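Colleague: I have this one open on my screen and would like to go through it with you. Could you take my questions as they come?

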Amino acid sequence: SAQRAGLGVLVGGGAGLLLGVVAGLSTLGEELVDPTMQMKRAVPFLALVPLFISWFGVEETFKVVLIAVAATGPMYAYTYLGVRGVDRKIVEAARGFGLTGAGLAFGVIIPTALPNILMALRICLSVSLTGLIAAEQIGATEGIGYLVTLAQQYYRTDYMVLCVVIYAVLGLLIDLAIRAVERVAMPWRGQVTAR
């Protein structure tokens with residue numbers, strides 16, 4: 001389960017991050033990427049399950065693609081908003097110091113958008129759990145979603161409760177991990193937050 005979710009978030013989150021940066025940095029990028037992403041956002045990823053099964057079968061590829069599609073939307077939206085929300089005065093100051101192009105993007109704009117990107121990662125990982133449940137209930141022989149299906153078939157309420165607890169613990173661990181990354185990547189935020 002962890003391998004499927006991790007790979008799906010890596011692929012989908014990476015694609016969403018790249019598309020969000022492209023759409024946020026340029027008007028042309030926004031015109032090319034944003035309409036497609038808005039259409040994709042309007043379609044619930046669970047509605048794509050039958051289509052993905054017909055394309056990829058019920059093997060691992062289907063499961064990873066479903067999780068990746070679920071993770072792409074939040075990462076794109078938050079990255080796009082973060083990049084677009086960078087204060088123009090900061091960008092102008094960086095240009096005054098001679099930063100342009102990739103140096104400006106990677107040295108100023110993306111680090112300034114980092115709070116949004118980390119929030120997107122937090123949401124992507126949570127959404128990936130929903131995708132994981134859906135993916136592992138179809139054609140799987142192992143994983144937490146498969147265990148939920150078995151518990152439902154054999155009316156094992158104790159297993160169902162166990163799976164819910166496992167998902168809750170995973171959600172908490174994901175949140176704690178992202179908070180740890182935030183403390184390392186943005187040490188100044190701890191000084192700003194009121195105690």
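Colleague: Let me start with a single residue: is tyrosine 155 buried or exposed?

Modeller: Tyrosine 155 is exposed, because its relative accessible area is 71%, where exposed means over 50%, buried under 20% and partly exposed in between, with a 1.4 Å probe and protein chains only. Please keep in mind that this is a predicted model, in which local features need pLDDT of at least 70 and side-chain atom pairs count only at pLDDT 80 or more, while totals for chains, interfaces and linings use all residues. Residues are numbered from 1 along each chain as its sequence is written, and side-chain values use heavy atoms, with hydrogens and water left out.

Colleague: Where does tyrosine 155 lie, and what is its phi?

Modeller: Tyrosine 155 is in the loop that links α8 (144-153) to α9 (157-185), and its phi is near 55°, a positive value in a residue other than glycine.

Colleague: Stepping back, how many helices and strands does the chain have?

Modeller: The chain has ten helices and zero strands, taking helices (H or I, at least four residues) and strands (E, at least two) as DSSP runs numbered from the N terminus. The C-alpha trace spans about 65 × 45 × 25 Å along its principal axes, and of the 195 residues in the chain 37% are buried.

Colleague: And what share of the contacts links residues 24 or more positions apart?

Modeller: Such pairs account for 72% of the contacts in the chain with a separation of 6 or more, a contact being heavy atoms within 4.5 Å.

Colleague: Now the helix packing: how do α2 and α4 cross?

Modeller: The axes of α2 (residues 27-42) and α4 (residues 60-84) come within 11 Å and cross at roughly 140°; these axes are lines fitted to C-alpha atoms, for helices over the stretch in contact, and angles run from 0 to 180 degrees between N-to-C directions. The crossing of α2 past α4 is left-handed, which means that the near helix is turned anticlockwise from the far one by less than a right angle, whereas clockwise would be right-handed.

Colleague: Which residues make that contact?

Modeller: On the α2 side they include Val33, Met37 and Lys40, and on the α4 side Val69, Tyr76 and Arg84 are among them.

Colleague: Switching to α7, is leucine 132 buried or exposed?

Modeller: Leucine 132, which sits in helix α7 (residues 114-136), counts as buried because its relative accessibility is 1%. Leaving aside neighbours within four places in sequence, leucine 132 is in contact with Ser1, Arg4, Ala5 and Ile67. Its C-alpha atom is separated by 6.8 Å from that of glycine 145, and the two residues are 13 apart along the chain.

Colleague: What about methionine 119 in that helix?

Modeller: Methionine 119 is also found in α7, but it is partly exposed, as its relative accessible area is 30%. From C-alpha to C-alpha, methionine 119 and valine 69 are 18 Å apart in space, with their positions 50 residues apart in sequence.

Colleague: Last one, where is glutamate 59?

Modeller: Glutamate 59 lies in the loop between α3 (49-56) and α4, and it is exposed because its relative accessible area is 56%.
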